[in-house]
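Here are some notes on the aromatic rings, for a colleague who has not yet looked at this structure. Please read them with the model open.

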Amino acid sequence: MLSRAASSRRATARCAAAFIAAACLAGSQDAQAVPSFNIPQACNGLASGAEDELDPVVLITYNAGSTFLYNFPLNRQPNTGQWYVTLQNPVFDYYFFVTTYTPFLTSTLSIHSHSRPSDTMFLPAPGVSQGSTYPIFPIYRVAVMDSNGANIIPGAIVDFIPAFTGSSPYTMQADQQGVITINCLQAESTGYAVTVYSNTGDYIYDGGFQTLPIGQSNITRGGNFGQEPTFRRPGGKP
Amino acid sequence: MIRRALIVGLLLALPQLAQAQSVVTFTIQTQNVLRFGHGSRLLTQCVSIANFAPQVDIIVMQEVMTPGYPCLIGNNNKGVNGNYPPNFAYRTSGWKGRSSYIEYYGILHRTAGGANSVAFLGQDDNLGSQVTYMRPPYGALFRVTGANNQSCDVWIVDFHAVFGKTIGLRRNEAAAMENIYQHLRGLNNGAVLILGDWNLEANDTGFDWVDNIANQAMIDPNVRTSLTRAGALSSEYDHAVTQAAPTLAIGPAIPPLLPTSWIYPSAANWVTWRNQTSDHLGVRLSVTVTC
């Protein structure tokens, strides 16, 4: 008898070959979501947002942040699982990468291209910035407060906003104690921006939360959370 | 304030005209497909679309990540070797976005194999500026021909609003859409439908212009169509702004037939849909155009 994982892969192969409708989806229902990146070890395989199996979003700039590369094709090394980009005929300049793996896990890298006709650059793992690692919380809890910051909102619906221009939100719902448990969140000096709705989907406020060493904090109205990254070369001005 | 859809019967009761009118009824679905082409769920996304395509004539998609239908082997690096749904053709916009992250708009339209055929006539991919919109909308003009061989032309505008950190950003984009709506109506060469993911509920002040009688517009639905990670309904983000039946003049008019349910798929499948296809349900409208 095939293992669960193997039988799911076989179902996927049938779907790919036949490209048939309902039967394929029914057969794949028990396939396990495979994260599209290496979840930090401290998180024990759980990372909120990783279940969607989406490619990381990478902001790539050079020329002191004035030139962008758009939707640049990413590839993932099969044996290590690390994502990389291959630049064809790169300019000899610093390339700056800001990678968003989930709304709660990012990495940054500034690296000078040095190879032609192509240069392969590996993206840092989640939570890594210029070789340093952000503190990562395997579990981080946020309590969703009302507009006055006085009471929790049971069952609040919260859109978490990834910190890249043009992002769409990632939606989670609080429990009846107004708490959302986030798996695998990196500490962020600017905190995280959110939009809060009632449990029936009525808009309440824009706000955010700071990340605190105790592993929990409150979502409150207002503030200026989750600033988008400023692009700079090492030692240089933005 | 409440924005209501008009009933087909009102249109049929209007005075007779000197010229014969054409009437066509077609089905259109707007669908945010969650980073369509940039994830390992691409295969199941393609299968989902192939599943429901036989039920509709036009599919308006947002969050398309490639400049071509992602299910085709040359348009993805996920090993998916698919095709368009049978009897459908595809139109794509140019890239949309302000930094490295960009999306495209995609529209699948039926060319045969059903009661209707939908022929592409032209497009306008410059309806709005990058200053006003994160992702300026894309408009395509189609000729819908029914089984009775009557035809009407329609502008289908595909739109994915900014989200941003404040609701004001989304409101501004929704409000600015009035200019595009008026512009297309002013061309007087097709009825106007603007569909997509607005990241706002339909009762938001960003849509106050819909209530302006002079615009003769309406917006539907206002039901929760986005899903939490657990597959539960969350927000009212997906709508269609359409041209209402004019009361004083006969022209291209679109009173929608009220469906029994606006959203696809049904509740029994939301968890699977969230896991395999998208964090948005589809919004489906049955539209009747008189021209």
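1. Start with A:Tyr62, which has a relative accessible area of 18%. Buried means under 20%, so A:Tyr62 is buried. The model is a predicted one, and the values here should be read in that light.

2. A:Tyr95 has a relative accessibility of 3% and therefore also counts as buried under that 20% limit.

3. Over all chains there are 26 aromatic pairs. One of them joins A:Tyr62 and A:Tyr95, a tilted pair with 4.9 Å from centre to centre and 40° between the planes. This pair links distant parts of the chain: A:Tyr62 is in strand β1 (residues 57-62) of chain A and A:Tyr95 in strand β5 (residues 94-102) of chain A, 33 residues apart.

4. A further pair is edge-to-face: A:Tyr197 and B:Tyr237 have their centres 6.3 Å apart, with 70° between the planes. This pair crosses between chains. A:Tyr197 belongs to strand β14 (residues 192-197) of chain A, while B:Tyr237 is in the loop between β9 (217-220) and β10 (238-243) of chain B. Both A:Tyr197 and B:Tyr237 are buried.

5. Which residues of chain A do ring pairs link into a cluster? They are A:Phe104, A:Phe137, A:Tyr140, A:Phe160, A:Tyr170, A:Tyr192 and A:Phe209.

6. Chain B also has charges placed over rings. B:Arg91 has its charged end over the ring of B:Phe120, 3.6 Å from the ring centre. B:Arg170 lies over the face of B:Phe163, and here the distance to the ring centre is 4.0 Å.

Technical notes. Residues numbered from 1 in each chain as written. Chains lettered and ligands numbered in written order. Predicted model: local features only at pLDDT ≥ 70, side-chain atom pairs only at ≥ 80, totals over all residues. Heavy atoms only, no water. Phe/Tyr/Trp six-rings, centres within 6.5 Å; stacked < 30°, edge-to-face > 60°. Helix = DSSP H or I, 4+ residues; strand = E, 2+ residues; numbered from the N terminus. Buried < 20%, exposed > 50% of the residue type's maximum accessible area, 1.4 Å probe, protein only. Lys NZ or Arg CZ within 6 Å of the ring centre and 35° of its normal.
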